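Take a look at the chain below. This short report walks through its fold, from the sheet to the aromatic rings.

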Amino acid sequence: MGFSLPISSSLWRCYNNTTPPQKGGFNQKLNVNFKTVWAYNRSKAQSRASIGCSYEDRTSPAEVKKEIEQCYELIQRLGRGVVYLGSSRLGPNHPHYVQAFELGHDIANLLNCTTWSGAGPGLMDAVTKGALQARKPVGGFKIGKEAGEWTTTNFHPYLTLNTYLTCRFFSARKHGLVDAVVRGNSTDKTAVVALPGGIGTLDETFEILALMQLERIGSIHPVPFIVMNYDSFYSKLLDFIDDCEEWGTVSNGEVASLWKVCNTNSEALAYLSEYYGLVSSTNEDENKSLSS
């Protein structure tokens, strides 16, 4: 049993493993047999498995629901706080890692709250270690394999098992990252901090930004959102948003009203201090130098 369809040269090679006929080009017809397609997909799956990739089927939506509930339980136990989004690829020798470490340390001290992240390597590791050095609680929503990693593991190298959850489903992980910043009352001090990152970071950044834009973050109390523009990392993205304003796909100043772009850690600390009416160590040092 099968069917016929117009076929491109690349798809012809995929099924026939031969060079397609030159005559007719895209008008060529390919007879596709369902058994052939099934065998091809099965061989691809076996190939993925042989290199360590694992794919688990969702047998029930209840599995996703259960994992979301586990995320909420972890947040309830550790407390809400600051969620950091950032690259898993930038290691300890990168200057952004050092800056993220210092930022995680200083914000944890300033807001005296839990530090949350994807519990992965790179900049997530940097803010986690910074908060631990400040002797503040940390929590995370881990996935088996981050971008740039070759192996899959369900365990964090140094965090205790009661401080993080390894998620099977991205939807559950995202629920956790959002709920970790929801302010239940006006005295709660939380924030979202977007560090330099790639596709995953941008995905999470704009998903949370959209929730704020549509007032679906889960609370009437606003949450500060900081974009760390280290070394102008996000400048071209900001230019793109300006282009969107010119095209009319976003309103003028709409995105700027939802987040604060900071080029340095001191700018971020000053912004959070003003937002919550606090005095940061940076401000204290400046006041001491002025008084002397």
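## Confidence in the model

Over residues 44–55 the pLDDT (the predictor's confidence in each residue, from 0 to 100) stays under 50, and the model has four contacts beyond four places in sequence for this stretch. A contact means heavy atoms within 4.5 Å. This is a predicted model, in which local features need pLDDT of at least 70, side-chain atom pairs count only at pLDDT 80 or more, and totals for chains, interfaces and linings use all residues. Residues are numbered from 1 along each chain as its sequence is written, and side-chain values use heavy atoms, with hydrogens and water left out.

The mean pLDDT of the protein is 83, and 73% of its residues reach 70 or more. Residues 23–30 have a pLDDT below 50; this stretch has 23 contacts in the model beyond near neighbours in sequence.

## The whole chain

The protein has 10 helices and nine strands. Helices (H or I, at least four residues) and strands (E, at least two) are DSSP runs, numbered from the N terminus. Of the 292 residues, 39% are buried. Buried means under 20% relative accessible area, exposed over 50%, and partly exposed in between (1.4 Å probe, protein chains only).

The protein exposes about 16,800 Å², and carbon and sulfur atoms supply 53% of that area. Accessible areas come from the Shrake-Rupley method with a 1.4 Å probe; for residues, only the protein chains shown count as cover. Now take the contacts between residues at least 6 apart in sequence: 72% of them join residues at least 24 apart.

## The sheet

In what order do the seven strands of the open sheet stand? The order is E6-E5-E4-E3-E7-E8-E9, and the pairing is parallel. Two strands pair if DSSP finds at least two bridges between them. Strand E6 (164–167) and strand E9 (260–262) are at the edges, each with a single partner strand, so one side of each has no neighbour in the sheet. From one strand to the next, the twist averages 20°.

Here are three of the pairings, each with one residue match.

| Strands | Bridges | Residues opposite each other |
|---|---|---|
| E3 and E7 | four, parallel | Leu85 and Ala194 in E7 |
| E7 and E8 | three, parallel | Val192 and Phe225 in E8 |
| E8 and E9 | three, parallel | Met228 and Cys262 in E9 |

Both faces of E7 are covered. Ala191 and Val193 on one side are buried, and so are Val192 and Ala194 on the other.

## Helices around the sheet

Helix H3 (residues 61–78) lies across strand E4 (114–117), strand E5 (138–143) and E6. H3 runs at about 165° to E6. Helix H4 (residues 95–111) lies across strand E3 (81–85), E4, strand E7 (191–194) and E8, at about 160° to E3. Axes are lines fitted to C-alpha atoms, for helices over the stretch in contact, and angles run from 0 to 180 degrees between N-to-C directions.

Why is helix H5 (residues 123–133) described as largely enclosed by the rest of the structure? Eight of its 11 residues are buried, so H5 earns that description. Among them are Leu123, Met124 and Val127. The buried residues of H5 pack against E3, H4, E4, E5 and helix H6 (170–179). After H5 comes Arg135, whose phi is positive, near 60°.

## Aromatic rings

A pair of aromatic rings is described by the distance of the centres and the angle of the planes. Rings of Phe, Tyr and Trp (its six-membered ring) pair if their centres lie within 6.5 Å; planes under 30 degrees apart count as stacked, over 60 as edge-to-face and the rest as tilted. By this rule the count is six aromatic pairs.

Trp116 and Phe141 have ring centres 5.1 Å apart and planes at 10°, so this pair is stacked. Trp116 lies in strand E4 and Phe141 in strand E5, so the pair ties together parts that are 25 residues apart in sequence. Trp116 is buried, with a relative accessible area of 0%. Phe141 is buried, with a relative accessible area of 0%.

Tyr271 and Tyr275 form a tilted pair, 5.9 Å centre to centre, with 55° between the planes. Both lie in helix H9 (residues 265–276), four residues apart, about one turn of the helix. Tyr275 counts as partly exposed, at 31% relative accessibility.

Phe206, Phe225 and Trp259 form one aromatic cluster.
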